[in-house]
Amino acid sequence: MKKILVANRGEIALRVMKSAREMGIKTVAVYSEADRRSPHVLYADEAICIGKAASKESYLRGDKIVEVAKQLNVDGIHPGYGFLSENAAFAKLVEENGITFIGPTPEAIEIMGSKLAAKEAAKKFDIPMVPGSEGAISNVDEAKNLAEKIGYPILIKASAGGGGKGMRVVNAADELHEQMQRAQSEAQSAFGDGSVFIERYVASPKHIEVQILGDNYGNIVYLFERECSVQRRHQKVVEEAPAFGLDDATRTALGEAAVRIAAAANYVNAATAEFLVAPDGSWYFLELNARLQVEHPATELAFGIDLVAWQLRIARGEHLTLAQ
């Protein structure tokens with residue numbers, strides 16, 4: 001792999017480019033008209049404008065990005081995080097054009113891109129999950145019946161969501177109709193998918209995410225965990241690695257569960273499995289993010305591992321040399 005295109009902007013693109021440069025890999029920046037003088041554009045070996053300021057006319061134009069990559073004889077495309085990083089259709093388009101997608105397979109993105117599909121994969125391994133709906137719910141009466149079974153408070157969540165969007169806590173039955181409409185509307189606006197599901201609301205939990213890496217040969221390791229319990233409006237504010245106040249048995253159980261879930265999807269490259277740990281010590285699987293996460297530097301600093309370099313090494317066919 002001699003040249004990669006980074007399909008992102010700003011700090012995200014710079015992060016990927018710095019590891020690539022250290023590995024002797026040339027980089028291509030794509031940019032909107034508004035980002036012409038951005039640091040990632042100036043840092044890259046080559047840069048090309050792909051459209052107007054609006055993301056939908058530039059950074060979300062997967063077809064245009066692939067076209068540029070082919071023109072410049074790029075070997076791989078790194079999506080960063082955000083934008084097209086969890087878009088299975090984009091990953092498939094990249095591969096169909098003979099370019100390496102530096103991330104998971106399109107199939108794995110499809111499975112893990114839906115919280116409901118990810119839970120279905122985890123269920124095969126008897127991994128604990130927060131009690132809730134088996135599938136998407138659109139009917140308020142159905143939601144009320146389920147809420148009565150699992151008990152209030154409940155949490156309404158967007159199936160295709162992330163970042164706290166499309167998420168509502170409901171404390172009583174008389175709040176359900178309004179909060180469900182709001183969650184569906186927000187999910188449709190943010191993700192183009194208004195499907196939601198319901199699960200029991202776990203009060204005062206620790207929110208733990210486990211970093212994993214997998215190569216093309218079935219080897220998967222977990223790189224321990226990050227604590228992200230300090231949140232505001234369901235948005236993570238502080239990340240710490242390793243997690244504080246987590247006993248060794250729980251730490252091992254979460255790590256091994258993350259690996260089993262990744263194996264269920266034949267997962268390749270970097271991912272993060274998210275869990276809730278209740279005050280009584282019980283824990284539940286939430287979702288698996290099929291990409292590099294914004295919080296990845298916490299793991300890199302704590303454990304001395306360049307995750308982006310490993311993404312590139314895995315993408316060019318190297319075996320994991322990290323042993324659990």
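Which residue takes a positive phi just after H10? I looked this up before anything else, keeping in mind that the model is predicted, and found that glycine 304 is the residue in question, with a phi of about 65°.

**Entry on H10**

I stayed with helix H10, which covers residues 296–303, and listed its buried residues as His296, Ala298, Thr299 and Glu300. I then asked what these buried residues pack against, and the partners came out as helix H1 (10–22), strand E9 (206–214), strand E10 and helix H11 (307–315).

**Entry on H3 and H4**

I turned next to helix H3 (residues 62–71) and helix H4 (residues 88–96), whose axes lie 10 Å apart and make an angle of about 25°. Angles under 35 degrees count as roughly parallel, and H3 and H4 are therefore described as roughly parallel to each other. I noted the hand of the H3 and H4 crossing as well, which is right-handed. On the H3 side the contact is made by Gly62, Asp63, Ile65 and Val66, and on the H4 side by Phe90, Leu93 and Val94. Sorting the residues of this contact of H3 with H4 by character, I recorded five nonpolar, one polar and one charged.

**Entry on H4 and H5**

How do the axes of H4 and helix H5, residues 106–113, cross, and within what distance do they come? I found a crossing at roughly 180°, with the two axes coming within 8 Å. Since angles over 145 degrees count as roughly antiparallel, H4 and H5 are therefore put down as roughly antiparallel to each other. The residues that meet here are Ala88, Ala91, Lys92 and Glu95 from H4, and Pro106, Ile109 and Glu110 from H5. For the contact of H4 with H5 I wrote down four nonpolar residues, no polar ones and three charged ones.

**Entry on asparagine 97**

I followed the chain into the loop between H4 and strand E5 (100–101), where asparagine 97 lies. Asparagine 97 has a relative accessible area of 27% and is partly exposed. Leaving out residues up to four places away in sequence, I found that asparagine 97 touches Val66 and Lys70. I also took a long-range distance, from asparagine 97 to histidine 177, and obtained 46 Å between the C-alpha atoms for a separation of 80 residues in sequence.

**Entry on salt bridges**

I counted the salt bridges and arrived at 20, of which I examined a few individually.

The pair of glutamate 67 and lysine 64 has its closest N and O atoms 3.9 Å apart, which lies within the 4 Å cut-off for a salt bridge. Both glutamate 67 and lysine 64 belong to helix H3, where they are three residues apart, about one turn of the helix. Glutamate 67 is partly exposed at 40% relative accessibility, and lysine 64 is also partly exposed, at 25%.

I then looked at arginine 168 and glutamate 186, for which the closest N and O atoms are 3.1 Å apart in the salt bridge. This pair links distant parts of the chain, as arginine 168 is in strand E7 (residues 168–170) and glutamate 186 is in helix H8 (residues 173–191), 18 residues away. Glutamate 186 counts as partly exposed, with 27% relative accessibility.

A further salt bridge joins the side chains of arginine 226 and glutamate 239, at 3.6 Å from N to O. Arginine 226 lies in strand E10 (residues 220–227) and glutamate 239 in the loop between strand E12 (235–236) and H9, so the pair ties together parts that are 13 residues apart in sequence. Is arginine 226 buried or exposed? I found arginine 226 buried, at 0% relative accessibility, whereas glutamate 239 is partly exposed at 22%. I noted, finally for this entry, that salt bridges with shared partners join Arg226 and Glu239 with Glu209, Lys236, Glu274 and Glu295 into one network.

**Entry on threonine 250**

My last lookup was threonine 250, which is found in helix H9 (residues 248–264). Its relative accessible area is 10%, and threonine 250 is therefore buried, as the limit for that label is under 20%. Not counting residues up to four places away in sequence, I recorded that threonine 250 touches Val277 and Trp283.

Conventions: Residues are numbered from 1 along each chain as its sequence is written. This is a predicted model: local features need pLDDT of at least 70, side-chain atom pairs count only at pLDDT 80 or more; totals for chains, interfaces and linings use all residues. Side-chain values use heavy atoms; hydrogens and water are left out. Axes are lines fitted to C-alpha atoms, for helices over the stretch in contact, and angles run from 0 to 180 degrees between N-to-C directions. Helices (H or I, at least four residues) and strands (E, at least two) are DSSP runs, numbered from the N terminus. Angles under 35 degrees count as roughly parallel, over 145 as roughly antiparallel, 65 to 115 as roughly perpendicular and the rest as oblique. A crossing is left-handed if the near helix is turned anticlockwise from the far one by less than a right angle, and right-handed if clockwise. Contact means heavy atoms within 4.5 Å. Ala, Val, Leu, Ile, Met, Phe, Trp, Tyr, Cys and Pro count as nonpolar, Asp, Glu, Lys and Arg as charged, and the others, Gly among them, as polar. Buried means under 20% relative accessible area, exposed over 50%, partly exposed in between (1.4 Å probe, protein chains only).
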